[in-house]
Amino acid sequence: QVQPVESGGGLVQAGGSLTLSCAASGRTFSMGWFRQAPGKEREFLATISWSGGSTYYADSVKGRFTISRDNAKNTVYLQMNNLKPEDTAVYYCAAGSLVNSRRPNDYDYWGQGTQVTVSS
């Protein structure tokens with residue numbers, strides 16, 4: 001069983017940066033980051049393979065967000081730069097068996113989420 005736990009959310013000004021962490025031990029999963037703003041569907045952001053050798057990003061965050069992982073610490077990170085007010089959402093990490101999937105249904109285990117608020 002895998003139980004991802006996110007941390008690192010908070011309030012930041014537009015143009016600022018945050019790094020989210022997701023602790024998840026267990027099998028060798030690919031990990032993904034998603035977000036959901038009020039009244040909107042869950043949105044794929046980025047995913048990384050177990051080895052870290054393959055990453056895939058949504059166009060909306062490519063060049064601003066970076067996903068990485070440290071398997072020795074069972075932790076996946078999402079470095080977010082140049083944050084915008086429209087990045088305000090609850091951010092979730094998830095574990096799944098497929099590589100480079102952007103579909104929420106392909107992820108089996110989800111964290112509870114961490115709130116990111118970007119002020120203008």
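Two residues are said to be in contact when heavy atoms of one lie within 4.5 Å of heavy atoms of the other. With that idea in hand, a good place to start is Arg64 in this predicted model. Leaving out residues up to four places away in sequence, Arg64 touches Gln79, Met80, Asn81, Asn82, Leu83, Lys84 and Asp87. Arg64 belongs to the loop between strand 6 (55-57) and strand 7. Is this arginine buried or exposed? Its relative accessible area is 10%, and since buried means under 20%, Arg64 counts as buried. Thr28 provides a contrast in position: 36 residues separate Arg64 and Thr28 in sequence, and their C-alpha atoms are 27 Å apart in space.

Stepping back to the chain as a whole, the secondary structure consists of eleven strands and zero helices. Written out in order along the sequence, the pattern is β-β-β-β-β-β-β-β-β-β-β. The C-alpha trace spans about 40 × 30 × 25 Å along its principal axes. How does the radius of gyration fit with this chain length, and what would a compact globule have? A compact globule of 120 residues would have a value near 14 Å, and the chain has 13 Å, so the two agree.

Several totals help to fill in this overall picture. Of the 120 residues, 43% count as buried. Among contacts in the chain with a separation of 6 or more, 57% join residues that are 24 or more positions apart. The chain exposes about 6,100 Å², and carbon and sulfur atoms supply 46% of that area. As for charge, there are 11 positive and 9 negative side chains, and the centres of the two sets lie 2 Å apart.

The interior comes next. The largest nonpolar core has 32 residues, and those with the most contacts inside it are Met31, Trp33, Phe65, Ile67, Leu78, Met80 and Tyr91. At least two residues of this core come from each of strand 3 (18-23), strand 4 (30-36), strand 5 (43-48), strand 7 (65-70), strand 8, strand 9 and strand 11 (114-119). Which strand supplies the largest share of this core? That is strand 9, with five residues.

Two of the core residues can be followed in more detail. Leu78 touches Leu18, Thr19, Leu20, Trp33, Leu45, Ala46, Phe65, Thr66, Ile67 and Tyr91, again not counting residues up to four places away in sequence. Trp33, one of those partners, lies in strand 4. With a relative accessibility of 0%, Trp33 counts as buried. Trp33 also illustrates how the fold brings distant parts of the sequence together: Tyr92 is 59 residues away along the chain, yet the C-alpha atoms of Trp33 and Tyr92 are separated by 5.7 Å.

The loops deserve a look as well, starting with backbone angles. Most residues other than glycine have a negative phi. Asn82, one of the contacts of Arg64, has a positive phi near 50 degrees although it is not a glycine. Asn82 sits in the loop between strand 8 (75-80) and strand 9, and with a relative accessible area of 43% it is partly exposed. Asn100 is another residue other than glycine with a positive phi, here about 60 degrees.

Asn100 lies in the loop between strand 9 and strand 10. Its relative accessible area is 32%, so Asn100 is partly exposed. Which residues does Asn100 contact, once neighbours within four places in sequence are left aside? They are Thr47, Ser54, Thr55 and Tyr56. For Ser54, the separation in sequence is 46 residues, while the C-alpha atoms of Asn100 and Ser54 are 7.4 Å apart.

Asp106 is found in the loop between strand 9 (89-96) and strand 10 (107-110), where Asn100 is also placed. At 16% relative accessibility, Asp106 falls under the 20% cut-off and therefore counts as buried. Not counting residues up to four places away in sequence, Asp106 touches Gly96, Ser97, Leu98 and Ser101.

Key:
Residues are numbered from 1 along each chain as its sequence is written. This is a predicted model: local features need pLDDT of at least 70, side-chain atom pairs count only at pLDDT 80 or more; totals for chains, interfaces and linings use all residues. Side-chain values use heavy atoms; hydrogens and water are left out. Helices (H or I, at least four residues) and strands (E, at least two) are DSSP runs, numbered from the N terminus. The radius of gyration is taken over C-alpha atoms; the globule rule is 2.2 Å times the number of residues to the power 0.38. Buried means under 20% relative accessible area, exposed over 50%, partly exposed in between (1.4 Å probe, protein chains only). Accessible areas come from the Shrake-Rupley method with a 1.4 Å probe; for residues, only the protein chains shown count as cover. Lys and Arg count as positive and Asp and Glu as negative; His and the chain ends are not counted. The place of a charge is taken as NZ of Lys, CZ of Arg, CG of Asp or CD of Glu. A nonpolar core is a set of buried Ala, Val, Leu, Ile, Met, Phe, Trp, Tyr and Cys residues joined through side-chain atoms within 4.5 Å.
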